[in-house]
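Let's take a walk through this structure together, one piece at a time. Keep the picture open beside you as you read.

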Amino acid sequence: MMRHIKTVQKASVKKPVSGKACGECQTSCQSACKTSCTVANQKCESASK
Amino acid sequence: MVHAFEMKGRYIAYDSESCALHELDQTAFLSLCSYIENEGKRPVNERLEKIAAECGLPNEEILSVCDDIDELIQEGELFSEGQRVNLDDLYPDDPAVKAMCLHICHDCNLRCKYCFAGTGDYHTGKRSMLDDQTGKQAIDFLIASSGERHNLDIDFFGGEPLMNWPVVMSLTEYCEKRAAETGKDIRLTITTNALLLDEEKTKYINEHMKNCVLSIDGRPEVHDNMRPAPNGSGSYRIVSDRIRTFLAARTSADSKYYEHYVRGTYTRSNLDFSQDVIHLAEELGARHISVEPVVSDEDSFYRIRPEDLPEIEREYENLAEYLIRKKADGDPVHFFHFLMDMQGGPCLYKRLKGCGVGAEYCAVTPDGDIYPCHQFTGEIEWKMGNVRDVETLLDENRNLLPGKKTEEILNSRVRQIFIDRLMPDKAECRSCFARYHCGGGCPANSFHATGSLDGQYEIGCALAKKRLECSLWMTVVGQDT
């Protein structure tokens with residue numbers, strides 16, 4: 001137990017499913033983002049294929 | 001790389017390669033900062049003793065903190081290795097256009113002062129409506145381009161798409177018919193200023209459109225200042241009434257679809273924009289909100305300037321605090337640019353490729369012209385083709401003829417520029433902690449600000465970093481309850 005550091009979220013950058021990306025997720029400008037760019041809030045949709 | 005920052009009395013460290021997130025006390029924060037100064041390695045004892053003296057702690061205490069930091073480094077939770085990426089391994093298929101911003105008309109019933117689309121005509125001087133045939137060709141082009149992709153997205157955009165409502169309905173029905181024929185899932189969005197959003201259209205949208213984006217800027221005086229009608233009068237009263245009514249219907253059990261965003265733009269004229277987000281939440285009942293910074297010409301009065309950044313950053317912090325209070329009250333409000341899936345989110349390819357402009361996403365004008373995205377519309381050097389040419393590729397059932405590809409009707413020079421683009425190509429991104437969050441930022445903003453797709457739109461970068469800090473702070477503070 002560390003007294004000075006609390007890990008809120010463990011390492012987690014999601015690797016492409018089965019070794020490759022599937023291209024099924026929404027493009028960011030299709031949601032509510034027409035003049036800037038945020039991609040990290042896009043949902044992974046590999047399971048919905 | 002590790003980004004360590006203090007926000008509202010909380011000390012936070014974010015490892016950008018692994019997305020690991022830690023909260024620290026001040027002693028650990030100062031110790032970690034000394035690691036960052038020392039390129040991720042344990043500093044010499046003299047440096048650590050200095051920190052111990054600053055904190056009024058015995059040297060052993062600092063050494064114990066450093067042992068913890070070393071342990072986290074060992075476990076890949078701090079200073080984790082950069083991703084070594086081979087794009088072909090990540091995404092072996094050819095990029096397929098599978099998302100479209102379909103311009104239902106190049107006309108509008110408002111005259112917003114900041115409109116990037118030239119108040120509807122995209123700076124062409126010609127106001128026009130998409131016809132049914134061209135719209136169907138655009139949909140056929142998208143299906144033909146999408147290859148093996150199952151999920152396709154179309155945003156009915158403008159100008160103001162409700163001004164061409166019969167075509168919206170006809171194309172919606174065509175999408176549903178073609179989806180059934182091809183097995184694709186064609187998800188529809190409509191982006192509207194809500195002025196014509198009556199009961200009949202509300203009902204239709206809630207029955208057929210997966211997402212609806214409603215434009216309003218916030219407080220009445222803010223909205224009316226930037227979003228007047230053609231005669232100069234304010235549009236807030238009618239637009240806010242329409243949106244209130246729409247939200248009630250959209251969030252009721254009768255609506256087939258729920259997803260929606262109330263979307264606004266902030267400018268130099270309302271740098272206190274957190275008040276506009278709060279207005280949309282409290283006065284209109286919006287619970288899914290996206291308010292974005294204006295993009296504009298160099299000489300516009302409302303352009304955000306570098307000297308505005310400290311105030312804007314404080315506003316984002318105020319907004320984050322408000323959202324935390326709402327969540328604690330059991331009435332959460334979701335702000336698009338603070339949302340972040342810490343448990344998963346998009347894969348590495350998506351984070352590196354960014355928005356997909358010109359590679360997976362395109363815009364189509366009422367004349368059928370194809371552009372990499374809505375923000376490049378009308379800039380002829382970026383024109384990628386015309387959807388009417390899809391006729392040369394299709395059989396009598398509107399499916400691709402054997403051996404044909406939509407690449408044949410696209411400008412290969414423009415297309416290749418976007419297929420080849422990858423965020424790490426940008427020099428500033430290589431040393432930025434937010435790079436997996438923004439995917440390299442908006443290429444159109446970069447191009448219009450610097451003349452290069454890979455140039456740095458500095459204000460956009462500063463705001464993206466601040467939004468990520470707020471999002472991380474909210475994740476940390478959210479653990480308190």
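What follows goes from the contact between the chains to a sheet, and then to a pair of helices.

One thing to keep in mind before we set off: this is a predicted model.

Let's begin where the two chains meet. Chain B puts 72 residues into the contact, and chain A puts in 42. On the chain B side, the largest share comes from strand β3 of chain B (residues 20–24), which supplies five residues. What sort of residues does chain B bring to the side that touches chain A? They split into 32 nonpolar, 23 polar and 17 charged.

Now stay with that strand for a moment, and look at its partner from the other chain. Strand β1 of chain A, residues 5–9, pairs with β3(B) in the antiparallel sense, and four bridges join them. If you'd like a spot to zoom in on, find A:I5, which stands opposite B:L24 of β3(B).

Step back a little and a sheet comes into view. It is an open sheet of four strands, in the order β1(A)-β3(B)-β2(B)-β1(B), and the pairing is antiparallel. Which strands sit at the edges? They are β1 of chain A and β1 of chain B (2–7), each of which pairs on one side only. Going from one strand to the next, the twist averages 25°.

At the chain B end of that order, β1(B) pairs with strand β2 of chain B (residues 10–15), again in the antiparallel sense, over six bridges. Here you can look for B:F5, with B:I12 of β2(B) opposite.

The sheet has helices for company, too. Helix α1 of chain B, residues 26–37, packs on the sheet and touches β1 of chain A as well as β1, β2 and β3 of chain B. The direction of α1 makes about 145° with that of β1(B). Then there's helix α16 of chain B (residues 458–478), which lies across β1 of chain A together with β1, β2 and β3 of chain B. This helix runs at about 115° to β2(B).

Our last stop is a helix pair within chain B. Helix α5 (residues 132–145) and helix α6 (residues 165–182) of chain B pack at an angle of about 30°, their axes 10 Å apart. Angles under 35 degrees count as roughly parallel, so that is how α5(B) and α6(B) lie to each other. The crossing of α5(B) past α6(B) is right-handed. Among the residues making this contact are B:I139 and B:I143 from α5(B), and B:L171 and B:Y174 from α6(B). Taken together, the residues of the contact divide into six nonpolar, three polar and three charged.

Notes. Residues numbered from 1 in each chain as written. Chains lettered and ligands numbered in written order. Predicted model: local features only at pLDDT ≥ 70, side-chain atom pairs only at ≥ 80, totals over all residues. Contact = placed C-beta atoms within 7 Å. Helix = DSSP H or I, 4+ residues; strand = E, 2+ residues; numbered from the N terminus. Nonpolar A, V, L, I, M, F, W, Y, C, P; charged D, E, K, R; others polar. Pairing = 2+ DSSP bridges. Axes fitted to C-alpha atoms, helices over the stretch in contact; angles between N-to-C directions. Parallel < 35°, antiparallel > 145°, perpendicular 65-115°, else oblique. Left-handed = near helix turned anticlockwise from the far one by under 90°.
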